[in-house]
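Work through the following exercises with the sequence and the coordinates at hand, and try each task before reading its solution.

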Amino acid sequence: MMRICGVELTGNDAIICLLTVDNEIFNLPECRVRRVTCQNPDTSNDLQYFQKTFVQLMKDYQIDTVVIKERMKRGKFAGGANGFKLEAAIQLASELKVVLMNPTDQKAHLKHYPLPISFAETGLKKFQETAFVAAFSYYASKHVW
């Protein structure tokens with residue numbers, strides 16, 4: 001069984017979506033939280049607490065891979081400094097396997113292995129869509145084209 005957590009970083013939040021796959025059938029299990037918040041990413045105590053909380057959540061749900069939607073470093077759609085701090089905190093957690101997935105790769109994977117249902121049919125909240133797409137595109141990337 002494959003257990004994936006898709007993550008979108010926005011402001012001080014890590015918005016998450018869990019995806020499990022067993023025998024090519026995917027499931028979106030309920031999670032006790034939809035986002036993990038870092039109150040003040042400028043303090044090391046808050047960043048450490050965020051990291052500890054995030055890692056514990058991944059352990060509790062036995063997540064194999066955390067997939068973060070990569071953000072632009074420059075330009076009009078560049079990510080903010082706080083988001084990059086949260087990304088680093090997740091990436092530096094030695095207990096986690098973390099993958100960054102850029103939007104171009106996501107589109108390519110979904111082109112060859114499209115979503116079998118519309119997002120509206122997933123039962124997830126609208127703000128979780130990007131995290132869901134990140135998780136599913138990682139799953140799609142594991143299929144040989």
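A residue is called buried when its relative accessible area is under 20%, exposed when over 50%, and partly exposed in between, with a 1.4 Å probe and protein chains only. The model is predicted, and local features need pLDDT of at least 70, side-chain atom pairs count only at pLDDT 80 or more, while totals for chains, interfaces and linings use all residues. Residues are numbered from 1 along each chain as its sequence is written, and side-chain values use heavy atoms, with hydrogens and water left out.

**Exercise 1. Two residues of strand 1**

Task: Decide whether G6 is buried or exposed, and list what V7 is in contact with beyond its neighbours within four places in sequence.

Solution. Begin with the element: G6 lies in strand 1, and V7 is found in strand 1 as well, where strands (E, at least two residues) and helices (H or I, at least four) are DSSP runs numbered from the N terminus. Next comes accessibility: G6 has 0% relative accessibility and therefore counts as buried, and V7, also at 0%, counts as buried.

Then take the contacts, which require heavy atoms within 4.5 Å. Leaving out residues up to four places away in sequence, G6 touches I15, I16, C17, V67, A131 and A135. With its neighbours within four places set aside, V7 is in contact with A14, I15, I16, F54, V66, V67, I68, K69, I90 and A131.

Finally, set sequence separation beside spatial separation: G6 and Q128 are 122 residues apart along the chain, while their C-alpha atoms are separated by 9.0 Å.

**Exercise 2. The nonpolar cores**

Task: Find how many residues the largest nonpolar core has, and which helix gives the most to this core.

Solution. A nonpolar core is a set of buried Ala, Val, Leu, Ile, Met, Phe, Trp, Tyr and Cys residues joined through side-chain atoms within 4.5 Å. By that criterion the largest core has 23 residues, and those with the most contacts inside it are V7, F50, F54, M58, V66, I90 and L96. The elements that give two or more residues to this core are strand 1 (2–10), strand 2 (13–22), helix 1 (44–60), strand 5 (65–69) and helix 2 (81–91). Helix 1 gives the most, with 6 residues. A second, separate core of 18 residues includes M101, A135, F136 and Y139.

For a closer look at one core member, F50 touches A14, V36, T37, C38, L86, A89 and I90, not counting residues up to four places away in sequence. As background, in soluble globular proteins nonpolar side chains tend to be buried together.

**Exercise 3. Two helix pairs**

Task: State at what angle the axes of helix 1 and helix 2 cross, and in which hand helix 3 passes helix 4.

Solution. Axes are lines fitted to C-alpha atoms, for helices over the stretch in contact, and angles run from 0 to 180 degrees between N-to-C directions. The axes of helix 1 and helix 2 come within 9 Å and cross at roughly 50°. Angles under 35 degrees count as roughly parallel, over 145 as roughly antiparallel, 65 to 115 as roughly perpendicular and the rest as oblique, and helix 1 and helix 2 are therefore oblique to each other. Helix 1 passes helix 2 in a right-handed crossing, the near helix being turned clockwise from the far one by less than a right angle, whereas anticlockwise would be left-handed. The contact is made by L47, F50, Q51 and F54 of helix 1 and K85, L86, A89 and I90 of helix 2.

The second pair is helix 3 (residues 103–112) and helix 4 (residues 129–141), which pack at an angle of about 60° with their axes 8 Å apart, so that helix 3 is oblique to helix 4. Helix 3 passes helix 4 in a left-handed crossing. Their contact is made by Q106, H109 and L110 of helix 3 and V133, A134, F136, S137, A140 and S141 of helix 4.

**Exercise 4. Positive phi**

Task: Say where N23 is placed, and what value phi of Q62 is near.

Solution. N23 has a positive phi of about 55° although it is not a glycine; its place is in the loop between strand 2 and strand 3 (25–27). At 67% relative accessibility, N23 counts as exposed. Q62, found in the loop between helix 1 and strand 5, has a phi near 50°, again positive in a residue other than glycine. For comparison, most residues other than glycine have a negative phi.
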